[in-house]
Amino acid sequence: MSGMFVTATQIECIAPRRSRGNVTLEVSTNGVDYTESGVRFGYVEYGRVKGVSPSSGPLGGGTTVVVDVEGSLPVDLLSCYFGQFGYTAAVSAGEGRLSCGVPSAYIVGNVALTVSTRE
């Protein structure tokens with residue numbers, strides 16, 4: 001996997017897909033000689049969306065949707081993405097649920113709702 005220097009002391013790289021568990025993260029500038037820091041990176045398995053309520057709202061936004069989820073989700077790290085209209089931070093709404101405010105839209109129609117980690 002390749003990385004990119006962000007600062008003199010920071011690099012950025014995208015973790016490849018993998019099953020749940022911990023891996024040791026080491027860095028190399030030549031692909032042969034690696035650091036030996038022993039830093040651990042954990043892959044976690046998140047839940048999935050089971051349902052959303054309400055399923056519609058006004059163009060002006062402001063509606064709060066409740067998303068029913070299955071499994072474990074780190075709500076403090078999640079946002080709800082409403083297609084091209086933007087995203088809002090997720091808030092816990094009880095066991096197996098999270099809620100998100102809906103941003104305003106400029107066209108009438110269906111929009112994809114994606115729950116994902118914040119960028």
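**Group meeting: the disulfide and the strand around it**

Let me begin with the link between Cys80 and Cys100, which form a disulfide with their sulfur atoms 2.0 Å apart. What you have in front of you is a predicted model, and the chain averages a pLDDT of 87, with 96% of the residues scoring at least 70.

Staying with that link for a moment, a search of the whole structure finds one disulfide, and the pair joins distant parts of the chain, since Cys80 sits in strand 7 and Cys100 in strand 10, 20 residues apart. The link of Cys80 and Cys100 is right-handed, with 60 degrees about the S-S bond. Are these two cysteines buried or exposed? Both Cys80 and Cys100 are buried, whereas Cys13 is partly exposed, because its relative accessible area of 36% falls between the 20% and 50% cut-offs.

As for confidence, strand 10, residues 97–101, has the highest mean pLDDT among the elements of the chain, at 93, while strand 11, residues 113–117, has the lowest, at 83.

Now to the sheet that holds strand 7. An open sheet of three strands has the order 8-7-11, with antiparallel pairing. Strand 8, residues 87–89, and strand 11 stand at the edges with a single partner strand each, so one side of each is left without a neighbour in the sheet. On average, and with direction ignored, neighbouring strands of this sheet are turned by 25 degrees against each other.

Looking at the two pairings in turn, strand 7, residues 78–82, is joined to strand 11 by five bridges, the two running antiparallel, and here Phe82 stands opposite Leu113 in strand 11. To strand 8, strand 7 is joined by three bridges, again antiparallel, and there Ser79 stands opposite Ala89 in strand 8. The hairpin of strand 7 and strand 8 has four residues between the strands, and in it Gly83 takes a positive phi near 50 degrees.

How many of the residues of strand 7 are buried? Five of its five residues are, and both faces of the strand are covered, with Leu78, Cys80 and Phe82 on one side and Ser79 and Tyr81 on the other. As general background, in a regular strand the side chains alternate between the two faces of the sheet.

That first face leads us into the largest nonpolar core, which has 11 residues in all, among them Leu78, Cys80 and Phe82, together with Val65, Val67, Val69, Leu98 and Cys100. Strand 6, residues 64–70, strand 7 and strand 10 each supply at least two residues of this core. In soluble globular proteins, nonpolar side chains tend to be buried together.

I would like to finish with Thr63, which lies in the loop between strand 5, residues 48–53, and strand 6. Why does Thr63 count as buried? Its relative accessibility is 18%, and the cut-off for buried is under 20%. Leaving aside its neighbours within four places in sequence, Thr63 is in contact with Pro54, Gly57, Pro58, Cys100, Gly101 and Val102, and with Cys100 on that list we are back at the disulfide with Cys80 where we started.

Definitions and conventions. Residues numbered from 1 in each chain as written. Predicted model: local features only at pLDDT ≥ 70, side-chain atom pairs only at ≥ 80, totals over all residues. Heavy atoms only, no water. pLDDT = per-residue confidence, 0-100. Pairing = 2+ DSSP bridges. Axes fitted to C-alpha atoms, helices over the stretch in contact; angles between N-to-C directions. Core = buried A, V, L, I, M, F, W, Y, C linked by side-chain atoms within 4.5 Å. Buried < 20%, exposed > 50% of the residue type's maximum accessible area, 1.4 Å probe, protein only. Disulfide = S-S within 2.5 Å. Contact = heavy atoms within 4.5 Å.
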